[in-house]
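Hi everyone, thanks for coming. Let me put the protein up on the screen, and then we'll walk through its pockets and its core.

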Amino acid sequence: MGFRNDFMWGAATSSYQIEGGVSGTGKGKNVWDVFTKEPGKIFGGHTGDMACDHYHRFREDVRIMKEIGLKAYRFSIDWSRVLPEGSGKVNEEGMAFYSALIDELLKNGIEPFITLYHWELPYELYKRGGWMNPQIADWFGDYAALIAERFSDRVKNFFTLNEPQCFVGLGFLNGVHAPGLKSPLRDTFEMAHNALRAHGRAVQQLRTHAQQPLTIGYAPTSGVCYPETEKPEDIEAARQMYFSIPENMENWTWNVSWWSDPVLFGHYPEEGLARYEKYLPRITEEDLRLISEPIDIYGQNIYNGRCFRMGADGKPEEVIRTAGYGRTGCGWPVTPECLRWGPKFLYERYKKPIYITENGMSAHDIVSVDGRVHDPNRIDFLAKYLRELQKATDDTDIRGYFHWSLMDNFEWDKGYSERFGMVYVDFLTQERILKDSALWYRDLIHTNGAGLR
Ligand code: GCO
């Protein structure tokens, strides 16, 4: 069928990964401002104190978005920049920054998509229990109300949470992300439940304080499961695995259904309730009603996946990757099929229009002798993944694609060692250089993907 005429070709970033602007701006600390100062936690001791200096260079960055021809831009608001203590006093300089960014985007015909939470937990709220404190649903809701009051006159697209699987799993289960804890399993289920409650409260508050009808979604992630062949039994094997509940408790957060069934169906998956029974917090009907406040779109960050076939015993079996399979700079497998089967399975199950809220790859990009940044691997990645996404449009309502990322940025525990951008950033001079992939993406957007066939 091909991409809709109004398909949102975009790119995504997040506040801590690009903004900088941490001092003299009224910004409060979030858990990443604190965690990155811990010795040994971040590659090279890197921090987001400067990052891409987007706080001061956002007009130049919007001009670059315009040059690429982006239709949309997904960015996050740093909760602690606008509410330095997480609640209460508003930092008007922070609000002015985001307001000016929104105006610059609209002036350039670029649709803003705001992510309310891309892991920027205010440190003052962390000290008050953070995701362990049930009150966080109200704190997050009040923050959402402020954003709706001030920005929903111009912004109509919002995602509440980015990847709760990661901020709970990496932040509190294995501790490689902020705040770097290895919490008791039971605590991680309590935090997960409060994160979903906070999502629901934010949906309520966005709707209540909206200045216009809003399109509200959510941006979880997980690894996709895709079939070895198009035989119905292999497709069923992949579908079963995609929505299954992990048995390995060390990585329990890495799944789809525990995080999306409550939001879209109003109940947790039975398989999980049974398997995790001894770790679960009290889950009330009132909680489930809040968590399942209706949303309009469903986002998913998709990078890669695993291949399955149906075994002779009638159980799914994983197809082991062939030796020498394609990998990205940070070693992730290149599996284009996941961008066809992931959206297809998700749309079948949840029946909400789909946005690919992130997809991309890191590469060891350099400035060549000709002064340009040639990134053929990223162009090949884009061509193969987007061809698969195009196939999914035959039976799936896909509304948009946000490439991760617009520009090279702070890649969490990997610091600046992994370059995900279509735009190269020289972190010494802050010079931006459009990589070859940005020019390729520009031409693709111009033809609405026609060149992919
Ligand atoms: C994530 C986050 C992004 C990452 C990107 C590359 O998906 O982990 O949303 O902030 O930087 O995905 O890892």
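First, a bit of vocabulary: Ala, Val, Leu, Ile, Met, Phe, Trp, Tyr, Cys and Pro count as nonpolar, Asp, Glu, Lys and Arg as charged, and the others, Gly among them, as polar. Also, keep in mind that this is a predicted model.

So, how does the lining of the largest pocket divide by class? It has eleven nonpolar, 13 polar and six charged residues. That's a lining of 30 residues, with Glu163, Cys166, Leu170, Trp254 and Trp332 nearest the pocket's centre. Helix α8, residues 164-173, gives the largest share of that lining, five residues. The space in there comes to about 610 Å³.

The second largest pocket holds about 460 Å³. Of its 23 lining residues, Met241, Ser244, Pro246, Trp254 and Arg306 are the closest to its centre. Helix α10 contributes the most here, three residues. By class, you get nine nonpolar, nine polar and five charged.

Now the core. Nonpolar side chains tend to be buried together in soluble globular proteins. Here, the largest nonpolar core has 130 residues, and Trp32, Ile68, Trp79, Trp131 and Tyr401 touch the most other members. Helix α7, residues 136-151, supplies the largest share of this core, ten residues.

Let's zoom in on Tyr401: leaving out residues up to four places away in sequence, its contacts include Phe7, Trp9, Leu386 and Tyr441. Tyr441 is one of the buried residues of helix α16. The buried residues of α16 pack against β1, α3, α15, β11 and β13. Right after α16 comes Asn448, with a positive phi near 50°.

Conventions. Residues are numbered from 1 along each chain as its sequence is written. This is a predicted model: local features need pLDDT of at least 70, side-chain atom pairs count only at pLDDT 80 or more; totals for chains, interfaces and linings use all residues. Side-chain values use heavy atoms; hydrogens and water are left out. A nonpolar core is a set of buried Ala, Val, Leu, Ile, Met, Phe, Trp, Tyr and Cys residues joined through side-chain atoms within 4.5 Å. Buried means under 20% relative accessible area, exposed over 50%, partly exposed in between (1.4 Å probe, protein chains only). Helices (H or I, at least four residues) and strands (E, at least two) are DSSP runs, numbered from the N terminus. Contact means heavy atoms within 4.5 Å. On a 1 Å grid over the protein atoms alone, a cavity is a set of points where a 1.4 Å probe fits but cannot get out, and a pocket is an open set with protein on both sides within 12 Å along at least five of seven lines; lining residues have an atom within 4 Å of a point. Grid points are joined across faces, edges and corners, and a volume is the space filled by probe spheres set on the points.
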